[in-house]
Amino acid sequence: VTSRKADLGELESLIMLAVLRLEGEASVARVREEVAERGGRQLSRGATYATVARLQRKGFLSLSLGDSAAGGRSMHHFTVTKRGLETLRTAQQHLIRMRAGLESILKVAK
Amino acid sequence: MRPGRSHGLLLTIARRVCRGAVPASLWPIVDDELLDELSEREQRGWPRWRRDLWGAAQYLSVAARLGVDRFIPGGAEGPDGGTWAHGDWGLDLRGALNGLRSRPMTTLTVVATVALAVGATTSVYSVVHGVLLAPLPYPEPERLARVWQTRAEWGDSPEAEFRSAANRLGPLAPSYYDWLDVDVGFESLGAYVDAGYVLQQPDGAQVLRGQEATPGLFEALAIEPILGRRLQVPDDLVDAAPVVVLSESFWRGRYGGRPDALGTDLVLNGTPHTVVGVMPAGFGAPTSALRQTMLPPGDPMLWTPLSDEARRGWKNVSVIGRLRRGVPIEVASERLAAAQAGMTAVYENYRGAWAEGLLDSIVGDVPSTLWFLLAAVGLVLLVATMNIAGILTASGLTRRREMAVRAALGASWGRLVRVLLVESAAMAAAGGLAGLLLAWITFPLLLRFLPPNLPRHDVIGMSASVMVFGLAVTGLAAILMGTLPAVLAARADPHDAIRTSARTFSSGRAAATVRAGLVVAEVSLAFVLLVGAALLGNSYSRLWSVERGFATEGLVAMRLEPDPGGDRSLEEEQELVRTLTTRLVELPGVRASAVNHLPLSGQRSATTVFIERPGAEPEIVRETLLTVVLDSYLDVVEIPVIAGRTFERGDAVGGPPVAIVSETMARRYWPGETVLGRRLRTFDDTTASLEVIGVAADVRHQGLDVAIAPTVYLPASQSRREINELVLRVRGDIEDAVASARAVIASSSPTTPVTRVTILDEAIGDSVAVPRFRTMLVVGLAGLAAVLALLGVYGVVSFVVAQRTKEIGVRMALGAHPLDEIRRVVGGGFKLGVAGAVLGLGIAWSAADAVAGFLFEITATDAPTYMSVVVGVLALVCVAAYVPARRAAIVDPIEALRPD
């Protein structure tokens with residue numbers, strides 16, 4: 001039995017995937033844009049922060065605060081931790097295994 | 001760059017709230033992002049208010065979302081929230097918040113209603129607390145008492161003013177000194193009078209408000225000086241060196257807060273006084289009960305000793321004592337009365353004495369008004385909670401399927417009640433906090449709205465105890481509004497849910513009945529408030545439109561101190577005033593005269609008049625108003641002379657003594673006779689027999705609500721009274737005219753200070769400020785209650801229409817006329833209105849005493865007022881019922897009969 005703590009919700013998965021896609025430029029605003037663009041979901045600011053906070057607490061996301069870039073904006077971005085990556089990988093593998101054989105119904109490539 | 005970091009209050013608060021709710025590691029990111037977006041919006045040209053509002057909403061929504069995760073246990077560690085079956089409070093609260101979000105209109109309505117009700121209640125309570133409940137700023141204030149003397153025989157006087165003064169007279173100074181010699185339970189006893197001090201400055205004379213006080217006053221109030229010492233024995237002996245104690249503000253203003261002010265001399269009324277001490281800010285015996293309105297307004301700025309020479313005078317003083325520990329005020333009061341009874345033989349006039357708590361003596365008759373207003377706002381709170389209970393009951397009905405499903409899944413009744421209670425408590429909490437915020441934000445407005453003569457104005461504030469009260473009210477509201485709907489909605493029968501549609505639940509009828517009952521109760525309470533508002537409004541308009549007898553527009557009284565040094569004779573003073581008036585009429589648009597006291601300015605003089613009758617003893621008329629005037633006075637104030645003539649130049653010293661009497665005086669003492677040529681004497685100068693040369697129209701002198709009293713007018717030159725009030729009739733801008741008049745006075749007589757300027761219309765407005773405040777507040781509250789009650793009627797009728805769509809459809813299909821349906825539905829609402837009005841009528845009638853004391857020329861059971869409220873309420877109820885009823889008339893039978 002997997003512990004509840006290691007479970008990933010859909011929103012959590014989406015956000016972690018977005019962080020991975022953004023490759024070190026994952027600010028909260030960019031994550032929201034990415035999820036909206038590719039994931040097809042408009043996340044509220046509050047929901048995004050709440051999920052990010054939860055992922056941080058679980059140790060799946062880590063936050064780095066960069067130096068101020070030109071223009072005075074302080075830079076921050078998230079990265080997926082090793083543990084986070086493992087959990088995400090497991091979850092996605094489960095998903096793929098569950099999907100196997102249903103490709104025609106779900107209309108996705110094998 | 002991020003420009004302007006300055007935010008409005010709302011944004012600042014929202015940001016702070018967010019910071020508390022968001023985990024520390026995330027806060028800089030949240031803040032950065034939002035500040036960036038704010039500055040971006042600034043560049044896009046959003047106005048400040050819009051940015052602030054947007055930003056506050058963003059911060060609060062982030063705070064709400066993260067706060068739930070952070071502070072409410074259960075589910076935070078689960079993937080996207082927990083499951084419902086678990087059963088802890090945290091889950092209930094999460095479930096509740098999700099539920100509320102899914103019904104935003106209901107939630108917003110409820111939260112807004114609670115916010116309004118809690119905000120209004122808290123605001124009114126802040127006044128009650130500040131004026132009545134907050135302790136006086138002295139150590140152990142409950143031991144402080146004020147001592148009064150009484151004149152029992154005034155209790156029967158036809159004049160209301162005398163009746164009210166019968167029990168509260170400032171004691172005679174000699175009595176005060178007598179009391180010092182007997183032990184009635186006071187640890188210390190002090191006497192004082194309000195006093196004006198003339199301070200000669202390079203730019204003219206200035207009058208300072210202060211108090212002459214005995215050392216005992218300082219002992220009784222028990223406040224230590226911040227510098228030097230208080231007044232003490234033997235400062236008060238006749239031949240002691242003159243000393244003065246300063247207030248903190250005067251010391252800072254004049255001496256810049258320097259300690260070396262001690263020992264310097266301050267020349268007051270021409271005499272050097274040595275500065276011996278400074279009292280802390282806020283110190284000061286309450287302004288004495290005797291009206292001393294010739295003094296400049298404000299707090300006392302200095303204290304000089306009340307010389308014990310007063311022992312032998314007839315001066316009226318204010319007396320404050322500190323009770324010994326353990327001596328109840330009633331005991332001290334009784335002992336004082338007994339001691340005074342033993343001394344009465346010595347004085348011919350003053351008979352009794354008693355003591356009351358100092359706070360009681362300061363607030364006077366204001367408590368009745370404030371408790372009344374608190375009760376009124378309490379009724380509004382009650383109406384609001386019943387209204388919400390109605391909304392929640394209705395919402396519970398539409399949620400029966402949800403409840404039934406939960407029950408079918410094994411949720412117990414208690415658990416369902418708990419979920420619903422958590423929901424209503426969450427709404428109450430949000431509404432309550434918003435209400436407190438509302439009260440806090442609108443507090444400056446409230447202060448401006450308060451009557452200026454409300455005692456302890458400066459103590460009113462949004463203190464911690466006011467906030468605690470607001471929270472307690474919120475808790476009460478949560479219980480009142482949530483319990484009944486929760487219990488009703490949770491009585492779900494799982495069968496019902498699965499079997500039938502929402503509109504045909506059998507158990508829904510109980511809820512509908514309860515809801516109708518709530519609306520009846522709401523209407524009845526709103527009715528009570530409306531009756532109160534109608535009575536007060538009616539009374540106030542009668543008070544305001546009372547016949548004054550003269551035009552008040554553009555009238556200004558400027559009070560002079562023509563003799564600050566005390567070295568002018570009365571004739572010289574009068575001559576000075578006369579000269580000033582002749583200068584003042586040269587100002588454009590100004591007519592000027594002088595009088596001892598202008599009507600409706602809050603002051604009066606009175607004397608005993610002896611009416612001479614040929615061949616009989618003179619008739620003695622006590623307390624006749626005495627108005628001493630320059631000859632132009634009646635012209636300037638525009639008081640018509642209805643018989644005889646007005647005063648002329650010839651009515652001077654040495655001329656035949658003359659008087660003008662008022663119409664009431666003429667009618668009362670020479671009924672049906674010719675008045676001109678009759679004779680009278682006054683107590684001021686009993687040797688001169690005055691001839692009545694004219695009759696002047698009546699004017700209301702002592703207040704809009706005080707009956708017109710007999711008045712005698714005397715020419716100043718033939719009287720021994722001072723005429724220190726310059727009367728200006730100004731056409732045009734009053735402020736400008738007053739400024740020019742001041743300049744004229746300063747140039748004509750630089751040593752003559754103007755101690756007070758009274759714009760008559762303002763003074764009259766102030767004199768009715770308490771009734772106006774009371775009336776406006778009750779009218780506003782009644783309006784609020786009425787709107788809530790009508791919304792209740794509307795809600796119930798809408799619900800009935802929705803529930804009976806099918807029934808109505810059947811009738812329409814069978815040929816019923818739409819108007820009949822409207823009539824039927826409105827009739828249902830009307831019945832609720834009638835029930836509410838009848839109930840309200842009963843409550844209002846039996847509670848009429850509560851408002852009776854506030855009414856002027858109208859009784860608390862005035863039938864026309866009640867009738868008009870009945871008619872008005874029923875008409876409004878019909879309107880509220882008609883709106884949803886129209887929907888019944890346009891029911892399409894086919895739509896209505898289509899199965900769910």
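## A small hollow in chain B

Let's start inside the protein: the second largest cavity has a volume of about 70 Å³. Keep in mind that everything here describes a predicted model.

What lines this hollow? The list for the second largest cavity is B:Val523, B:Ala526, B:Phe527, B:Leu530, B:Ala786, B:Ala789, B:Leu790, B:Val873, B:Leu876 and B:Val877. Sorted by class, that makes 10 nonpolar residues, with no polar and no charged ones. Three helices of chain B each supply at least two of these lining residues: α18 (508–544), α24 (769–803) and α28. The biggest contributor to the second largest cavity is α18(B), which gives 4 residues.

## The largest cavity

Now zoom out a little. The structure holds 4 cavities of 30 Å³ or more, and the largest cavity has a volume of about 140 Å³. Its lining is made of 16 residues, and those nearest the centre are B:Leu392, B:Ser395, B:Arg399, B:Leu420 and B:Glu423. Two or more lining residues come from each of α5, α12 (366–398), α14 and α16 (464–489) of chain B.

How does the lining of the largest cavity divide by class? It has 7 nonpolar, 6 polar and 3 charged residues. Set that beside the lining of the second largest cavity, with its 10 nonpolar residues and no polar or charged ones.

## An open pocket

Next come the pockets. The second largest pocket has a volume of about 1,600 Å³. There are 38 residues lining this pocket, and the closest to its centre are B:Leu60, B:Ala64, B:Val111, B:Ala430 and B:Leu433. The elements of chain B that give two or more residues to this lining are α1 (9–21), α3 (48–71), α4 (89–102), α5 (104–133) and α14 (413–441).

You can also sort the lining of the second largest pocket by class: 32 residues are nonpolar, 4 are polar and 2 are charged. Look out for α5 and α14 of chain B here, since they turn up in the lining of this pocket and also in the lining of the largest cavity.

## Rings that meet

Over all chains, a search of the whole structure finds 10 aromatic pairs. One of them joins B:Trp46 and B:Trp54, an edge-to-face pair with 6.3 Å from centre to centre and 85° between the planes. Both B:Trp46 and B:Trp54 are buried. Another pair is B:Trp845 with B:Tyr866: the ring centres are 5.3 Å apart and the planes meet at 65°, so this pair is edge-to-face too. Because B:Trp845 lies in helix α26 (residues 818–846) of chain B and B:Tyr866 in helix α28 (residues 863–889) of chain B, the pair ties together parts that are 21 residues apart in sequence.

Are B:Trp845 and B:Tyr866 buried or exposed? B:Trp845 is partly exposed, with a relative accessible area of 47%, while B:Tyr866 counts as buried because its relative accessibility is 3%, and the cut-off for buried is under 20%. Elsewhere in chain B, ring pairs link B:Phe218, B:Phe283 and B:Trp303 into a cluster.

## One arginine, two tryptophans

Go back to B:Trp46 for a moment. The charged end of B:Arg41 sits over the ring of B:Trp46, 5.0 Å from the ring centre. B:Arg41 also lies over the face of B:Trp54, at 3.7 Å from that ring's centre. These are the tryptophans that form the edge-to-face pair described above.

## A strand tucked inside

Why can we call strand β19 (residues 711–715) of chain B largely enclosed by the rest of the structure? Because 5 of its 5 residues are buried. B:Thr711, B:Tyr713 and B:Pro715 point one way from β19(B), B:Val712 and B:Leu714 point the other way, and all are buried.

Which strands pair with β19(B)? Strand β14 (residues 619–629) of chain B runs parallel to β19(B) and is joined to it by 5 bridges. Within this pairing, B:Val628 has B:Leu714 as its bridge partner. Strand β16 (residues 658–662) of chain B runs antiparallel to β19(B), with 2 bridges between them. Here B:Val661 stands opposite B:Val712.

## And chain A?

Chain A has 5 helices and 2 strands. Read along the sequence, the pattern is α-α-α-β-β-α-α. Chain A has 110 residues, and 37% of them count as buried.

Key
Residues are numbered from 1 along each chain as its sequence is written. Chains are lettered from A and ligands numbered from 1 in the order in which they are written. This is a predicted model: local features need pLDDT of at least 70, side-chain atom pairs count only at pLDDT 80 or more; totals for chains, interfaces and linings use all residues. Side-chain values use heavy atoms; hydrogens and water are left out. On a 1 Å grid over the protein atoms alone, a cavity is a set of points where a 1.4 Å probe fits but cannot get out, and a pocket is an open set with protein on both sides within 12 Å along at least five of seven lines; lining residues have an atom within 4 Å of a point. Grid points are joined across faces, edges and corners, and a volume is the space filled by probe spheres set on the points. Ala, Val, Leu, Ile, Met, Phe, Trp, Tyr, Cys and Pro count as nonpolar, Asp, Glu, Lys and Arg as charged, and the others, Gly among them, as polar. Rings of Phe, Tyr and Trp (its six-membered ring) pair if their centres lie within 6.5 Å; planes under 30 degrees apart count as stacked, over 60 as edge-to-face and the rest as tilted. Buried means under 20% relative accessible area, exposed over 50%, partly exposed in between (1.4 Å probe, protein chains only). A charge sits over a ring if NZ of Lys or CZ of Arg is within 6 Å of the ring centre and within 35 degrees of the ring normal. Two strands pair if DSSP finds at least two bridges between them.
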